[in-house]
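Student: Please take a close look at one part of this model, and walk me through it slowly. I would like to know what surrounds that part and how the surrounding pieces pack.

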Amino acid sequence: MLTDGVLTRGSFGWTTQGNFTSLCPNGTRWVWEGLGECAQDARDMASIYLGLLSILCFMVSSLPQYYSSCKTGNMDSALSIWFLLLWLGGDSCNLIGSFLADQLPLQTYTAVYYVMADLLMLAMYMYYKTKNRMAESRRVLHVVGVICVLGFTSSLVYPPGLGAQPELVPSGFRGRALLSTSDVSPIKAFTPKEIIGFSIGSVSSVLYLCSRLPQMYTNFKRKSTEGVSYFLFALVILGNTTYGLSVLLKNPDDGQGERSYLIHHLPWLIGSLGTLSLDLIISIQFLSYRKASTTAADGDRDETTPLIRS
């Protein structure tokens, strides 16, 4: 919001009524006008580019799984329903938390797309679940699970009475060293709105971490990753990496120290970078089960080869 012509951060970028030159000196105009962010040096621009690359990775990450599902028709057995539900829950909390905690605009834009992509993948799952005529009781249970998650996320509305707290940002600017240990500035106090957003963001990170476990168990139980697109996880790994680096590279607001900045963004950093290790384990499953499948196929061919050729 704007107080006496001073630049403040809103949920969808900087909100100003002043001019670009005075509020974002040495800034990049297309970033200011297109994304609502003030990028004043190379580190800020690197953060912007990595954030855009992250969005691109997440936008295309679901496409290989859509194709694989249409090709094999076994999405309901290849993917764990709890993987999809926890992923949707994490993305929904991520969106609400990003909005309430005034995270970077690119974080909010990315979160909106996450939820849309999750809903589409859930719709495809239910389509193939119905088409393949799985057990009625399990199908009803999963539908109820989807409805419960959607109802939970829709109930987390913007709390009344928690108006945006103005954050005064002078026109001065200072850079920072990535993960500097010399920062001794106090941690900026959370507003009531930010506390709610931080709490929901923390729930989001837990759901992200838990979402991988059902899929890892499903792969282990089937001893196969057939029907699951590896490019889905490969692009998610790349997207999470660039997303985390984008947040880490962004210069904090003037008056906010390095340590304070990291603490205010901690749930989102854990949610993105923390899932990398689990996604790497799933990648190992892909390699392991694919190798085992190839070995088994070669053995079958050897058994059917005649001992004496005519």
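Tutor: What follows is a tour of the largest cavity and of the helix packing around it.

The model is predicted, so local features need pLDDT of at least 70 and side-chain atom pairs count only at pLDDT 80 or more, while totals for chains, interfaces and linings use all residues. Residues are numbered from 1 along each chain as its sequence is written, and side-chain values use heavy atoms, with hydrogens and water left out.

The structure holds five cavities of 30 Å³ or more (points on a 1 Å grid where a 1.4 Å probe fits but cannot get out), and the largest encloses about 250 Å³, a volume being the space filled by probe spheres set on the joined points. Its lining (residues with an atom within 4 Å of a point) consists of 24 residues, and Phe 58, Trp 87, Asp 91, Tyr 114 and Tyr 208 lie nearest the centre. Two or more lining residues come from each of helices H3 (42-72), H5 (81-100), H6 (105-131), H8 (192-222), H9 (230-249) and H11 (266-273), where a helix is a DSSP run of H or I with at least four residues. By class, the lining has 11 nonpolar, 10 polar and three charged residues (Asp, Glu, Lys and Arg are charged; Ala, Val, Leu, Ile, Met, Phe, Trp, Tyr, Cys and Pro nonpolar; the others polar).

Turning to the packing, H5 and H6 have axes that come within 9 Å and cross at roughly 155° (lines fitted to C-alpha atoms over the stretch in contact, with angles from 0 to 180 degrees between N-to-C directions). H5 and H6 are therefore roughly antiparallel (over 145 degrees), and H5 passes H6 in a left-handed crossing, the near helix being turned anticlockwise from the far one by less than a right angle. Their contact (heavy atoms within 4.5 Å) includes Trp 87 and Asp 91 of H5 and Tyr 114 of H6, which are also among the residues nearest the centre of the cavity. That contact has 14 nonpolar, five polar and two charged residues.

H5 also packs against H8, at an angle of about 160° and with the axes 7 Å apart, so this pair is roughly antiparallel too. The crossing of H5 and H8 is left-handed, and the residues of their contact divide into 15 nonpolar, nine polar and four charged.

H9 and H11, for their part, pack at about 155° with axes 8 Å apart and are therefore roughly antiparallel, again with a left-handed crossing. Here Tyr 243 and Val 247 are among the contact residues of H9, and Trp 268 and Leu 269 among those of H11; by class, the contact of H9 with H11 has six nonpolar, four polar and no charged residues.

Terms used:
On a 1 Å grid over the protein atoms alone, a cavity is a set of points where a 1.4 Å probe fits but cannot get out, and a pocket is an open set with protein on both sides within 12 Å along at least five of seven lines; lining residues have an atom within 4 Å of a point. Angles under 35 degrees count as roughly parallel, over 145 as roughly antiparallel, 65 to 115 as roughly perpendicular and the rest as oblique.
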